[in-house]
Amino acid sequence: MKAKEIFPDPKRIRRKLLGWYDGHRRRLPWRETRDPYAIWISEIMLQQTQVKTVVPYYLRFLERFPTVETLAHAPLGEVLKTWENLGYYARVRNLHKAAGEIAEQHGGRIPDNREEITRLPGIGRYTAGAILSIAFGRVVPAVDGNVRRVISRLFEITESVDDEETRERIEALVQTLVPKRDPGRFNQALMELGAVRCTPKSPSCPACPLQDDCRARAQGLAHRLPVRGKKKTVPHREVVAAVISDGKGRILIVQRPACGLLGSLWKFPGGILNPREAREEGLKRIVRDELGIGIGVGSPLAAVKHAYTHFRITLTAFSCTLLEGSPAGPQWRWAGTGESEALPFSSADRRIARSVAPPLGH
DNA sequence: AACTCGGGGAG
DNA sequence: CTCCCAGAGTT
């Protein structure tokens, strides 16, 4: 156990960081409220997602679901639609489930202590710390990727920040820095510094309020920290989709299973080809397995490339005809253009849909 | 400890 | 292209 790890003086760090934050912080909608519900929504959306991306989703979501009760009682499909294209859809399924638990078990109020708030689905160590400090003034750290980067540079931590041991050390360091007065402001200031000054590739050290306290800067190592673990190479998958028309301007769509990749979103029939499998034959096989129907596969309509977190796909859509049987199995429907616009699709599937039937006004 | 889970911004 | 983003849940 190290006796004292503090090299830069905590008071000095707090004073400089908070002074900078008050003068330079971005005006963000969730910084204009003290409503724990609104802060909760923002923190879930901000998981692995940049501020600029979140802002319009946040505003739309709070307009549509302004309270725990409105969210708890809304159909999941509507909540999913407001989340469309934001990604990591387990977040919104957990959000909806947690809203139900808060309404039922906590009288509609977000819990203000770590034990209860961490039990809610979707709230882990970081998000609990963020909500507790920002909405309730609890003196706890909120360590996200920005904070890990700032701290690893400030203290010149050369062990991988992907190691659990390093993460615990960083959280312990932040714990010693969080002030009793307005801890949420301090946590946000640390994240803000990482977002706009202490950036991953080319940090703006000359404009950093902590430049004189930063060990990595003193060693000329700022741009080389933090050290990250090795990344795996991502495989590529060939995906095929069937655009089956009913001859009346409607197209067959199906809903994905509630769990797993893009859970509960809608898609076109189809899926992943086996290695070296011909696309047309593979599509017939997959659609028969999926819906129990026989189809004829015509010409390719569109092909889109898309990157997920740990694999890439090439998605090719074919014009198809229903030859035999009627769909059975998962949730499915014949959908007109307006109807599919109102249902949640993934980014890649939406591109296919728009190439088949461009929305009005475009 | 290693995987799974999206989409987009920035360089 | 690559890397990373106000991470959490599962195995």
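**View 1. The protein around DNA strand B.** A residue is near a molecule or strand if one of its heavy atoms lies within 4 Å of it. Everything shown in these views comes from a predicted model. So which residues come closest to DNA strand B? The strand has 20 residues around it, and the closest are Thr49, Tyr89, Leu262, His306 and Thr309. Sort the surface near DNA strand B by class, and you get six nonpolar, 11 polar and three charged residues. On the DNA side, take the atoms of strand B within 4 Å of the protein: 64% of them are part of sugar or phosphate, and the rest are part of bases.

**View 2. Polar contacts with DNA strand B.** Start with Thr309, where an N or O atom of the side chain sits 2.6 Å from a base nitrogen of DNA strand B. Thr309 is also one of the closest residues to this strand. Tyr89, another of those closest residues, makes its contact in another way: a backbone N or O atom is 2.9 Å from a phosphate oxygen of strand B. Leu261 uses its backbone too, with a polar backbone atom 3.5 Å from a phosphate oxygen of DNA strand B.

**View 3. The protein around DNA strand C.** Now swing over to the other DNA strand in these views. How many residues are around DNA strand C? There are 28, and the ones that come nearest are Gly122, Thr127, Asp144, Asn146 and Arg149. This surface splits by class into 10 nonpolar, nine polar and nine charged residues. Of the strand C atoms within 4 Å of the protein, 66% belong to sugar or phosphate, with bases supplying the rest.

**View 4. Backbone contacts with the phosphates of DNA strand C.** Look at Gln48: one of its backbone N or O atoms is 2.8 Å from a phosphate oxygen of strand C. For Gly145, the distance from a backbone N or O atom to a phosphate oxygen of DNA strand C is 3.1 Å. Tyr126 also has a backbone N or O atom beside a phosphate oxygen of this strand, 3.4 Å away. Which elements give two or more residues to the surface near DNA strand C? They are helix H8 (125-136) and helix H9 (145-154).

**View 5. Helices H3 and H5 packed together.** Here, helix H3 (residues 51-64) packs on helix H5 (residues 76-83), with the axes 9 Å apart and at an angle of about 155 degrees. Angles over 145 degrees count as roughly antiparallel, and H3 and H5 are therefore roughly antiparallel to each other. The crossing of H3 past H5 is right-handed.

**View 6. A four-stranded sheet with mixed pairing.** Reading across this open sheet, the order is E4-E1-E6-E5. Which strands stand at the edges? E4 and strand E5 (294-307) do, and each has a single partner strand, so one side of each has no neighbour in the sheet. On average, neighbouring strands here are turned by 20 degrees against each other, direction ignored.

**View 7. How the strands of the four-stranded sheet pair up.** Strand E1 (residues 236-244) runs parallel to strand E6 (residues 312-324), and nine bridges join them. To find your place along this pair, look for Val240, which is opposite Thr316 in E6. E1 also pairs with strand E4 (residues 270-272), this time in the antiparallel sense and over three bridges. Ala241 is a handy marker there, as it faces Gly270 in E4. E5 and E6 run antiparallel and are joined by 11 bridges. A hairpin of four residues leads from E5 to E6. Two residue pairs help you follow E5 along E6: Ala307 is opposite Arg312, and Val304 is opposite Leu315.

**View 8. A three-stranded antiparallel sheet.** This open sheet has its strands in the order E3-E2-E7. Strand E3 (266-267) and strand E7 (332-335) are the edge strands with a single partner each, so one side of each is left without a neighbour in the sheet. Strand E2 (residues 251-255) is joined to E3 by two bridges, and the two run antiparallel. To spot the pairing, find Gln255, which stands across from Trp266 in E3.

Notes:
Residues are numbered from 1 along each chain as its sequence is written. Chains are lettered from A and ligands numbered from 1 in the order in which they are written. This is a predicted model: local features need pLDDT of at least 70, side-chain atom pairs count only at pLDDT 80 or more; totals for chains, interfaces and linings use all residues. Side-chain values use heavy atoms; hydrogens and water are left out. A polar contact is a pair of N or O atoms within 3.5 Å; within protein, one must be able to donate a hydrogen and the other to accept it, and residues adjacent in sequence count only if both atoms are side-chain atoms. Ala, Val, Leu, Ile, Met, Phe, Trp, Tyr, Cys and Pro count as nonpolar, Asp, Glu, Lys and Arg as charged, and the others, Gly among them, as polar. Two strands pair if DSSP finds at least two bridges between them. Axes are lines fitted to C-alpha atoms, for helices over the stretch in contact, and angles run from 0 to 180 degrees between N-to-C directions. Angles under 35 degrees count as roughly parallel, over 145 as roughly antiparallel, 65 to 115 as roughly perpendicular and the rest as oblique. A crossing is left-handed if the near helix is turned anticlockwise from the far one by less than a right angle, and right-handed if clockwise.
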